[in-house]
Amino acid sequence: MEIGNYDNGQRINDSISYEYHPNKSIAAAGRILNENKIDGWTYYYPNGNIKSKGNYCLYPLYHSHGVLYKSVETDQWNYWYPDEKLKAVVTYNSQGEIIEQIYYDQQGLKIDKNTFDQLKETIEN
């Protein structure tokens, strides 16, 4: 479920937005600009622990009718396991492309991507 700020039934174009889990706890919180996620966002597990945190920016997509903007991850994003241990640090460029990835197992040791992919099949994402 997504909740934003409204005025007379119209969504405000620049506002703080909240998304909720079925148990009514906050699933995500951040800024919306013209229906796009922008700036800092935090995502949460249903138990309230932080799942991931990072920034979005607007990336222009040019086409024959003008420009559309797409929200893309930018800068550093941190991801955590449900028990609040660091899971990954991913760095994105301004176009939303991954430029660096560092993964950790549940004991906090650095692991490679293949090991991480195998591990994440056995735990909650």
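**Figure 1. E19 and its salt bridge to K37.** E19 is a buried residue in this predicted model, with a relative accessible area of 18%. That puts E19 under the 20% cut-off used for buried residues. Its side chain meets that of K37 in a salt bridge, at 3.5 Å from N to O. E19 sits in strand β4 and K37 in strand β6 (residues 36-44), so the bridge ties together parts that are 18 residues apart in sequence.

**Figure 2. The D39–R31 salt bridge.** How many salt bridges does a search of the whole structure find? The count comes to 2, and this view is centred on the pair D39 and R31. Their closest N and O atoms are 2.4 Å apart. D39 counts as partly exposed, at 32% relative accessibility. R31 is partly exposed too, and its relative accessible area is 24%.

**Figure 3. A nonpolar patch with I16.** Here we look at the surface, where I16, Y18 and I26 make up a nonpolar patch. Together the three residues have about 230 Å² of accessible area. I16 belongs to strand β4, which spans residues 14-20. With a relative accessibility of 42%, I16 falls in the partly exposed class.

**Figure 4. Inside the largest nonpolar core.** This core has 13 residues, and the ones touching the most other members are W41, Y43, Y56, W77, Y103 and F116. Strands β5 (26-33), β6 and β9 (86-92) each chip in at least two residues. Which strand gives the largest share? That would be β9, with 3 residues. As background, nonpolar side chains in soluble globular proteins tend to be buried together.

**Figure 5. Y43 and its surroundings.** Zooming in on one of those core residues, Y43, we can list its contacts beyond four places in sequence: A27, A28, K37, N49, I50, K51, S52, Y56 and W77. Among them, Y56 and W77 also appear with Y43 in the list of core residues that touch the most other members. K37 turns up here as well; it is the partner of E19 in the salt bridge.

**Figure 6. S52 in strand β7.** S52 is found in strand β7, which covers residues 50-63. Is S52 buried or exposed? It is buried, with a relative accessible area of 7%. Setting aside residues up to four places away in sequence, S52 touches W41, T42, Y43, W77, N78, Y79 and W80.

**Figure 7. Y104 and its contacts.** Y104 is part of strand β10 (residues 98-104) and is buried, at a relative accessible area of 14%. Outside the stretch up to four places away in sequence, Y104 is in touch with Y81, L86, K87, A88, V89, L109, K110, I111, F116 and L119. For L119, the C-alpha atoms are 9.9 Å apart in space, with the two positions 15 residues apart in sequence. F116, also on the contact list of Y104, is one of the core residues that touch the most other members.

**Figure 8. Zooming back out to the chain.** To put the close-ups in context, the chain has 1 helix and 11 strands. Reading from the N terminus, the order is β-β-β-β-β-β-β-β-β-β-β-α. Of the 125 residues, 34% are buried. Among contacts with a separation of 6 or more, 19% come from residues 24 or more positions apart. The accessible surface adds up to about 7,900 Å², and carbon and sulfur atoms hold 49% of that.

How values were computed. Residues are numbered from 1 along each chain as its sequence is written. This is a predicted model: local features need pLDDT of at least 70, side-chain atom pairs count only at pLDDT 80 or more; totals for chains, interfaces and linings use all residues. Side-chain values use heavy atoms; hydrogens and water are left out. Helices (H or I, at least four residues) and strands (E, at least two) are DSSP runs, numbered from the N terminus. Buried means under 20% relative accessible area, exposed over 50%, partly exposed in between (1.4 Å probe, protein chains only). Contact means heavy atoms within 4.5 Å. Accessible areas come from the Shrake-Rupley method with a 1.4 Å probe; for residues, only the protein chains shown count as cover. Patches are made of residues with over 30% relative accessible area and no salt bridge: like charges are joined within 9 Å, nonpolar side chains (Val, Leu, Ile, Met, Phe, Trp, Tyr) within 5 Å. A salt bridge is a side-chain nitrogen of Lys or Arg within 4 Å of a carboxyl oxygen of Asp or Glu. A nonpolar core is a set of buried Ala, Val, Leu, Ile, Met, Phe, Trp, Tyr and Cys residues joined through side-chain atoms within 4.5 Å.
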